[in-house]
Amino acid sequence: MTGTWKESLVNFLENNRGLVILFFCLPASFIFNLFLSIRNKIHRTLFSSPELHDKRVHKIQSQVRLWNKLPNDRRKLLCTSRPNWLSLSTTFYRKDLCHRINVDLFDILNLDERNLTVRVEPMVTVGDITKFLIPRGYTLAVTLEIADATLGGLAMGTGMTTHSHKVGLYHETVVSYEVVLGDGSFIQASKDENSDLFRALPWSHGSLGFLVALTLKIIKVKPFIKMTYLPVRGEKQYCEMIRLLSGDLGEDYPLSDYVEATIFSRNEAVIMTGDYADLDSALPVNHLTRWYKPWFYKYTESFLKKGKHVELIPLQEYLLRHNRCIFWVVESMIPFGNNFLFRLLFGWLLPPKPAFLKFTTTPGIRAFTFTKQVFQDIVLPIRKLEDQIATSEKLFDAYPLLVYPCRVYNHGDNSGQIKPPPKEYLVEGTNYAMYNDLGIYGVPGFVKRKEKYNPVTAMRAMEKFTRDVGGFSFLYADIFMTRKEFEEMFDLGLYEKVRKKYKAEGAFPHLYDKVKPEIDVFEIGRRYEIK
Ligand SMILES: Cc1cc2nc3c(=O)[nH]c(=O)nc-3n(C[C@H](O)[C@H](O)[C@H](O)COP(=O)(O)OP(=O)(O)OC[C@H]3O[C@@H](n4cnc5c(N)ncnc54)[C@H](O)[C@@H]3O)c2cc1C
Ligand SMILES: NC(=O)C1=CN([C@@H]2O[C@H](COP(=O)(O)OP(=O)(O)OC[C@H]3O[C@@H](n4cnc5c(N)ncnc54)[C@H](OP(=O)(O)O)[C@@H]3O)[C@@H](O)[C@H]2O)C=CC1
Ligand SMILES: CC(C)=CCC[C@@H](C)[C@H]1CC[C@H]2C3=C(CC[C@]12C)[C@@]1(C)CC[C@H](O)C[C@@H]1CC3
């Protein structure tokens, strides 16, 4: 009886995903957010203090030490107890097979205005830190657009934003990490202290230790962003313009504070540059995150017809501009979501919380999203932008494409998992090369048109292209590489040494095992192939 009831529920969830999102995920996300804000307020008022931080860290150390005392055959590998459905990753790592350690650390610990740093616990979210920093006149040097991402998750994975053409990936803005190792000891890692661990922690996905605090660089800001939308036609023209505006042609051309591009077709893109600004009565102010406003990427697209446009956007609204439609991900879930009436009535419920989308994901929906949609962010040399677009079009035919320019620094032998950029990519007279994030999200054109498409073949070809040009896949997304191919893309030399030296071996899963999909991609790829 229970089996039948469960099966019907699963069938219902799978066949009515749109309804589930509209009537369950959206209200549930709203209530969950409300609950979290109240919890944060109570937590901050009653329990928060730096002294309690030390106590909380001691508790984590005790949990790890207790685990060390277990007999060998009962010592499952360690991971955090944060449920996988809360995590911003498209994979469903099998935490039930691990020994879970409670790392519930949610506090902002210290703002150091003299040195321009903020010390935080790892579960503080991007939403929390922007609300905290912006009224004080600061923001993180790398603040991404998804309010739910945690500062610790980004540090152990990676992060990138539209300021990365000036400062690089998120980890370049980390001053120090505080970590509990596999034996329960506490250690700090910075450029000058345990620098090998410092370099190996980014892109390690919790496979080296438990992060219990981190100190991040912040920057001074102004209340508005003066945003210029520049529509450009012609692939060569927009690629050249993106390279120029991101600083790839040298540092002579003045750089804006923020740069991004949305490519709407092979021939059309809108490039956006943003500069810190004060209120200026000559320019319109756009509150673009208000619930009834058009989705940001749709608004951007309108300038292909209207031509160049300049406006002011309040800084916090600029930083979270892609939040309501999660770039363009929500479009394939709620196709009518940008309709004016829908926005007016229900726009305030958006975005669906990724956590709830994951929470309601059955194995069928997992296979469906994995085979009929693509969610990938790939860091690639910007000089290969034309090839990136051609390859993505050939393999997925999914537009729009997101382009965020980003510096990748050469840290020599101490570069960690990210290989130093080849000499020929370096920007003249500097120790960095200009790369870009290529974001491919949505339903591939082949799937929409029911044409021949095998997600595994397509993704593996994209990964091969990435390896060939010296790029890196974001590891929050599904990967399709064998371990050997993974080790060609990432340099695990320093990582393996650090695992041994800092007692991670035998305590934490290996990076590859931590990030590979939990499902048999080849079997599912074959099953759902469109022939
Ligand atoms: C442990 C602790 C350390 C602090 N350290 C400093 C400091 O070094 N320098 C300084 O100027 N002020 C510090 N504060 C002060 C402080 O955070 C705010 O002044 C206070 O919370 C009131 O903020 P508000 O009314 O401006 O905004 P609120 O509306 O209370 O909060 C704005 C947003 O910031 C987030 N937020 C605020 N504080 C925290 C926190 N501690 N942890 C997680 N999220 C948070 C909230 O979730 C909310 O979204 C600290 C507070 C605490 C509890
Ligand atoms: N613009 C951007 O750059 C964006 C990037 N992302 C990606 O999303 C992820 C961040 O999402 P979020 O939900 O915050 O993080 P996750 O919960 O997905 O954590 C990411 C990884 O970091 C590990 N981790 C998290 N906290 C700790 C800790 N305290 N100690 C040790 N390991 C830890 C997790 O291990 P465990 O499984 O043990 O918890 C997991 O492997 C990153 O992978 C990031 O690259 C997402 C959105 C945008
Ligand atoms: C701009 C950069 C560098 C990154 C943006 C990344 C996001 C587009 C992804 C981060 C987490 C992803 C998840 C999903 C879509 C794409 C992201 C938001 C899902 C909502 C897709 C549907 C699944 O059922 C759940 C996924 C959760 C994570």
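**Figure 1. The residue shell around ligand 2 in the predicted model****.** Ligand 2 is surrounded by 29 residues, and the closest of them are Ser87, Gly153, Met156, Gly157 and Gly206. Strand S1 (78–80), helix H5 (151–156) and strand S8 (210–220) each contribute at least two residues to this shell. Helix H5 gives the largest share, four residues. By class, the shell around ligand 2 comprises 15 nonpolar, 12 polar and two charged residues. Domain 2 (105–220) and domain 4 (364–527) each supply at least three residues of the shell.

**Figure 2. The residue shell around ligand 3****.** The shell of ligand 3 consists of 18 residues, with Leu88, Pro354, Leu357, Phe375 and Asp377 the closest. Two or more residues come from each of helix H14 (354–359), strand S13 (374–381) and strand S15 (432–442). The shell around ligand 3 is made up of 11 nonpolar, four polar and three charged residues.

**Figure 3. Domain division of the protein****.** Four domains are assigned: domain 1 (2–50), domain 2 (105–220), domain 3 (224–323) and domain 4 (364–527). The centres of domain 1 and domain 2, taken over C-alpha atoms, are separated by 27 Å.

**Figure 4. The largest nonpolar core and a second, separate core****.** The largest nonpolar core holds 124 residues, of which Ala155, Tyr177, Leu201, Leu214 and Ile271 touch the most other members. Strand S8 provides the largest share of this core, seven residues. A second core, separate from the first, has nine residues, among them Ile21, Cys25, Met333 and Ala355. In soluble globular proteins, nonpolar side chains tend to be buried together.

**Figure 5. Contacts of Ala155****.** Neighbours within four places in sequence are left aside in this view. The residues in contact with Ala155 are then Tyr170, His171, Val174, Tyr177, Leu201, Pro202, Leu211 and Leu214. Of these contacts, Tyr177, Leu201 and Leu214 are listed with Ala155 among the residues that touch the most other members of the largest nonpolar core.

**Figure 6. The buried face of helix H20 and its packing partners****.** In helix H20 (residues 493–501), the buried residues are Tyr495, Val498 and Arg499. Viewed down the axis of H20, these residues fall within an arc of 105°, so they line one face of the helix. Lys497 and Lys500 are exposed on the other side of H20. An α-helix has 3.6 residues a turn, so residues three or four places apart point the same way. The buried residues of H20 pack against helix H7 (195–200) and helix H21 (511–515). Just after H20, Lys503 adopts a positive phi of about 60°.

**Figure 7. Helix H4, a mostly covered helix****.** Six of the eight residues of helix H4 (residues 126–133) are buried. The buried residues of H4 are Val126, Gly127, Asp128, Ile129, Thr130 and Leu133.

**Figure 8. The surroundings of Tyr318 in helix H11****.** Tyr318 belongs to helix H11 (residues 315–319). Because 25 other C-beta atoms lie within 10 Å, Tyr318 is buried. With neighbours within four places in sequence left aside, Tyr318 is in contact with Ile225, Met227, Gly274 and Ile313. Asn286, 32 residues apart from Tyr318 in sequence, is 9.5 Å apart from Tyr318 in space, C-alpha to C-alpha.

**Figure 9. Positive phi at His205 and Asp397****.** His205, which is not a glycine, has a positive phi of about 50°. This residue is placed in the loop between H7 and S8. His205 counts as buried because it has 25 C-beta neighbours inside 10 Å. Asp397, also not a glycine, likewise has a positive phi of about 50°, and is located in the loop between H16 and S14. With 18 other C-beta atoms within 10 Å, Asp397 is partly exposed. Most residues other than glycine have a negative phi, and most peptide bonds are trans.

**Figure 10. Cis peptide bonds before Pro351 and Pro400****.** The bond joining Leu350 to Pro351 is cis, with omega near 0°. Pro351 occupies a position in the loop between helix H13 (340–346) and H14. A cis peptide bond, with omega near 0°, also runs from Tyr399 to Pro400. Pro400 is situated in the loop between helix H16 (385–395) and strand S14 (401–409); the loop between H16 and S14 also contains Asp397.

How values were computed
Residues are numbered from 1 along each chain as its sequence is written. Chains are lettered from A and ligands numbered from 1 in the order in which they are written. This is a predicted model: local features need pLDDT of at least 70, side-chain atom pairs count only at pLDDT 80 or more; totals for chains, interfaces and linings use all residues. A residue is buried if 20 or more other C-beta atoms lie within 10 Å of its own, exposed if 12 or fewer, and partly exposed in between; C-beta atoms are placed from the backbone. The arc is that of the directions from the helix axis to the C-beta atoms. Two residues are in contact if their C-beta atoms, placed from the backbone, lie within 7 Å. Domain bounds come from an automatic or database domain assignment. A residue is near a molecule or strand if its C-beta atom, placed from the backbone, lies within 6 Å of it. Ala, Val, Leu, Ile, Met, Phe, Trp, Tyr, Cys and Pro count as nonpolar, Asp, Glu, Lys and Arg as charged, and the others, Gly among them, as polar. A nonpolar core is a set of buried Ala, Val, Leu, Ile, Met, Phe, Trp, Tyr and Cys residues joined through C-beta atoms within 7 Å.
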